[in-house]
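This report describes one protein chain for a reader who has not seen it before. The sequence and the structure come first, and the description follows.

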Amino acid sequence: MRKFNIRKVLDGLTAGSSSASQQPQPQQHTPGNREPEIQETLQSEHFQLCKTVRHGFPYQPSALAFDPVQKILAVGTQTGALRLFGRPGVECYCQHDSGAAVIQLQFLINEGALVSALADDTLHLWNLRQKRPAILHSLKFCRERVTFCHLPFQSKWLYVGTERGNIHIVNVESFTLSGYVIMWNKAIELSSKSHPGPIVHISDNPMDEGKLLIGFESGTVVLWDLKSKKGDYRYTYDEAIHSVAWHHEGKQFICSHSDGTLTIWNVRSPAKPVQTITPHGKQLKDGKKPEPCKPILKVEFKTSRSGEPFIILSGGLSYDTVGRRPCLTVMHGKSTAVLEMDYSIVDFLTLCETPYANDFQEPYAVVVLLEKDLVLIDLAQNGYPIFENPYPLSIHESPVTCCEYFADCPVDLIPALYSVGARQKRQGYSKKEWPINGGNWGLGAQSYPEIIITGHADGSVKFWDASAITLQVLYKLKTAKVFEKSRNKDDKPNTDIVDEDPYAIQIISWCPESRMLCIAGVSAHVIIYRFSKQEVIIEVIPMLEVRLLYEINDVESPEGEQAPPLSTPVGAASPQPIPPQSHPSTSSSSSDGLRDNVPCLKVKNSPLKQSPGYQAELVIQLVWVGGEPPQQITSLAVNSSYGLVVFGNCNGIAIVDYLQKAVLLNLGTIELYGSNDPYRREPRSPRKSRQPSGAGLCDINEGTVVPEDRCKSPTSGSSSPLNSDDEQKMNNFIEKVKTKSRKFSKMVASDIAKMSRKLSLPTDLKPDLDVKDNSFSRSRSSSVTSIDKESREAISALHFCETFTRKADSSPSPCLWVGTTLGTVLVIALNLPPGGEQRLLQPVIVSPSEIQRLTYSQETCENLQEMLGELFTPVETPEAPNRGFFKGLFGGGAQSLDREELFGESSSGKASRSLAQHIPGPGGIEGVKGAASGVVGELARARLALDERGQKLGDLEERTTAMLSSADSFSKHAHEMMLKYKDKKWYQF
């Protein structure tokens, strides 16, 4: 059945009716009154919303895997996400539909596939040979919990250990269970009466694939003979086991335990370990056992031809090291290096030159997956330096508090930011290249530069190159440098309104064309930055202090307690532009002892060296007023063409000329309406006492509503009853506000006219609301009553633009659009010279450590397949290690095992159907075809398949030619030898 889009049908009907209704209009209306027709070139088919790529560190990581041939790293998370990393710029994000935590990952090395084990006891096989990996098969265990998986190199049989202590075997090609099962009661000693616990380790002997090493949590290790189906040796230790690792020769293995010890065992000596090591334990005298330490969560045993083996472990610190950071320990010969990490260690892997377990591994690096970071350690250099991470994983280095996206930026902007950011790079990294370098870059690219700016809790601002689908840090700005840092707890007289992160960035406003940057912080401060490529030293940082507070209800309380005197609206108090201050205000309290005219942060009064890049031009701070802390800034906008910055909060709005360092406008929100306020704002009852100096910044949604509602009269919607004197004071105060507001408007206009910059308040503008007697229609919703009760209206949006502010305007003019939390949009006309084009904004979604990018462009969605990088690239598997002549002659080399014969259905039978359920995945042949987007994608995949096939055919031809040449040479030498010894007798040899 053919599908149709009802939305397009409706759009067509609407377009037809609108065109029919517009035909007679030229005859009925004069051309002067006719509204201009706008030809819309964008249609609905031009838009499609889809996710593109995800950047940042994987949130809540839980598992790690590495393909040593493809050079691809995989990270699983507790939310079921899967992140794959290749060379810088090649990343991929996948998500399990169940959302269960990933407990383990296993690559099918150099096969372009990955097995993921989830906490819901499901195994998934991912196909990585396509740009967007998809699940080929799934297997759901119904009766047992999966705890550990092991897939030998170049094997299609996956060992799966369970919580019951059993081991099942899965064919990864068909993703079905084999009938071969290793039961826990057959693996352990028959005399043992207790359960050995869950399976914590499975691995085959590097030199004998028929021997399987099984580790149980209780401390028992069993060497199982797969052919004879019995245990050859059993090794028992008193402490629980966390991990096991083989020596490449297959004669020894090492175990890590819960008491911080390592035990090394000879395969043929199960009675006791040949060596017991406590890496971080204090060695006691008289040969006593060292004191127990924290568990060693993982250990790896890697060998090298050129020196001593490496023993690498995580955990195992002494219990008396309180407050010490998590550590990774590297034991190499007689030296032990303890490498401290910034976060808890989730997992680690040692990167080796060979994928074969029966050869010298030659370790060269260690990948450490931390709770909030990914660290790569160079084992080949002295001191074990770390590699410089090329991935954009430092987004959450300090928690992200705000994020902005800018598209179609000037072409010279990214190089300019990169040039100043290159000087900020840290020193001391490894000199080698990043070793995780698999995959290939995508073919497509965007035609315009994109930039993402992130603000952080420590006051830093990061600029990222987000062009196409990549993300690379360009430049980092530390805004906290302009403030004095408190040296001790007592030196915090003004920042006590913010318990933590007083420099956190809340709002970012940026003009890409002029490169002007403006930020608003959590401590009610605004900083304006100008970009410069030259280093400067400023003696004094220009600063403005703004008193932004407006209240109309400070009257005597019914209980007779004396409240502070009525505060005068700030807009009427000081209409003149405020000159910049050379140092913070020294006034700390008002006449009645309340904190007054004090900013939350103290600006440095000493010379400040500013490196090339963004340099502070002006600092604006809201100050305490009459014991009230300044409210957090809720909106911010900057316009470099006008030279203005505007910000607002729940008290009002302020406009600052950052060129002349002057405050142009400072008004309460109510004053913006003039005499056309559509809301019925009832006076609020006074508080019994003002907030203490340590009160936190008020939240505009609930910080001021709760105390007011408590003071409301329970029998009426008005405030508490007042006497005649109080009413007279209130009426006088309101009239005073109106009078001073009108005077202030005239004074502002006259003062700013002298500076050729004029502002006009919207006193003659009426909001587009259904107004009756200055109030909403009460029949619309019961929520109107709650709106009327809230007398404090916050500024929620600000935007500079050029538009028609009045119906009578014949041309657009510069103006400021102001949006409030009550849903009102007000316009402030600006008589200023016309400005340049405004930037293009697009929203992004931020998680605690990742950024998910979206697009609504149909063209981008269609080209996304070509823009994505390729994870799998055809790479020849390294040759197996040469066993040598004598090992091959006397059988001393690695022993192979025909697993197909042992685990196949013909010999082991079928598995129970109730044990596990096979679920076909969407990533099969049909799924791959359905996931393709565009003809170019199909051609690219076909070309890749042909290239891979051609490369394999070329390799086969080369090998065939080499074999022919070798055969000819052998035949020639054999013929020469036959001629040489043809006529000789046996005693002449």
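## A salt bridge between two loops

The model described here is predicted. Glu173 and Lys156 form a salt bridge in which the closest N and O atoms are 3.5 Å apart. Glu173 belongs to the loop between β12 (167–171) and β13 (176–182), and Lys156 to the loop between β10 (146–150) and β11 (157–162), so the salt bridge ties together parts that are 17 residues apart in sequence.

The two partners fall into separate accessibility classes. Glu173 has a relative accessible area of 55% and is exposed, because the exposed class begins over 50%. Lys156, with a relative accessible area of 22%, is partly exposed.

## The chain as a whole

The protein chain contains 14 helices and 53 strands. Of its 989 residues, 49% are buried. Among contacts with a separation of 6 or more, 61% are between residues 24 or more positions apart. The structure has 24 salt bridges, and the count of aromatic pairs comes to 20.

## A four-stranded sheet

One open sheet is formed by four strands in the order β22-β23-β24-β25, with antiparallel pairing. Its edge strands are β22 (296–304) and β25 (335–340), each of which pairs on one side only. On average, and with direction ignored, neighbouring strands of the sheet are turned by 15 degrees against each other.

Within the sheet, β23 (residues 307–315) pairs with β24 (residues 327–332) over five bridges, in the antiparallel sense. Leu313 stands opposite Thr329, a residue of β24.

## Salt bridges at the sheet

Glu340 forms a salt bridge with Arg324, and the closest N and O atoms are 3.5 Å apart. This pair links distant parts of the chain: Glu340 is in strand β25, while Arg324 is in the loop between β23 and β24, 16 residues apart. Glu340 is partly exposed, at a relative accessible area of 39%. Arg324 is also partly exposed, at 38%.

The pair does not stand alone. A network of salt bridges links Arg324, Arg325, Glu340 and Asp342.

## A buried salt bridge

Another salt bridge joins the side chains of Arg853 and Glu450, at 3.3 Å from N to O. Arg853 lies in strand β52 (residues 850–857) and Glu450 in strand β30 (residues 450–456), so this salt bridge ties together parts that are 403 residues apart in sequence.

Are the two residues buried or exposed? Arg853 has 5% relative accessibility and counts as buried. Glu450, at 4%, counts as buried too. Both receive this label because the buried class covers values under 20%.

## Aromatic pairs

A pair of aromatic rings is described by the distance of the centres and the angle of the planes. In the pair of Tyr233 and Tyr235, the ring centres are 6.5 Å apart and the planes are at 35 degrees, so the pair is tilted. Tyr233 counts as partly exposed, at 24% relative accessibility, whereas Tyr235 counts as buried, at 1%.

Trp246 and Phe253 form an edge-to-face pair, with 5.7 Å from centre to centre and 65 degrees between the planes. Trp246 is buried, with a relative accessible area of 10%. Phe253 is buried as well, at 0% relative accessibility.

## A ring cluster and charges over rings

Which residues do ring pairs link into a cluster? The members are Phe406, Phe463, Tyr475, Trp510, Phe531 and Tyr614.

Rings also have charged side chains over their faces. Arg87 lies over the face of Trp441, at 5.2 Å from the ring centre. Lys298 lies over the face of Phe348, with 5.2 Å to the ring centre.

Note on methods
Residues numbered from 1 in each chain as written. Predicted model: local features only at pLDDT ≥ 70, side-chain atom pairs only at ≥ 80, totals over all residues. Heavy atoms only, no water. Pairing = 2+ DSSP bridges. Axes fitted to C-alpha atoms, helices over the stretch in contact; angles between N-to-C directions. Salt bridge = Lys/Arg side-chain N within 4 Å of Asp/Glu carboxyl O. Buried < 20%, exposed > 50% of the residue type's maximum accessible area, 1.4 Å probe, protein only. Phe/Tyr/Trp six-rings, centres within 6.5 Å; stacked < 30°, edge-to-face > 60°. Lys NZ or Arg CZ within 6 Å of the ring centre and 35° of its normal. Contact = heavy atoms within 4.5 Å.
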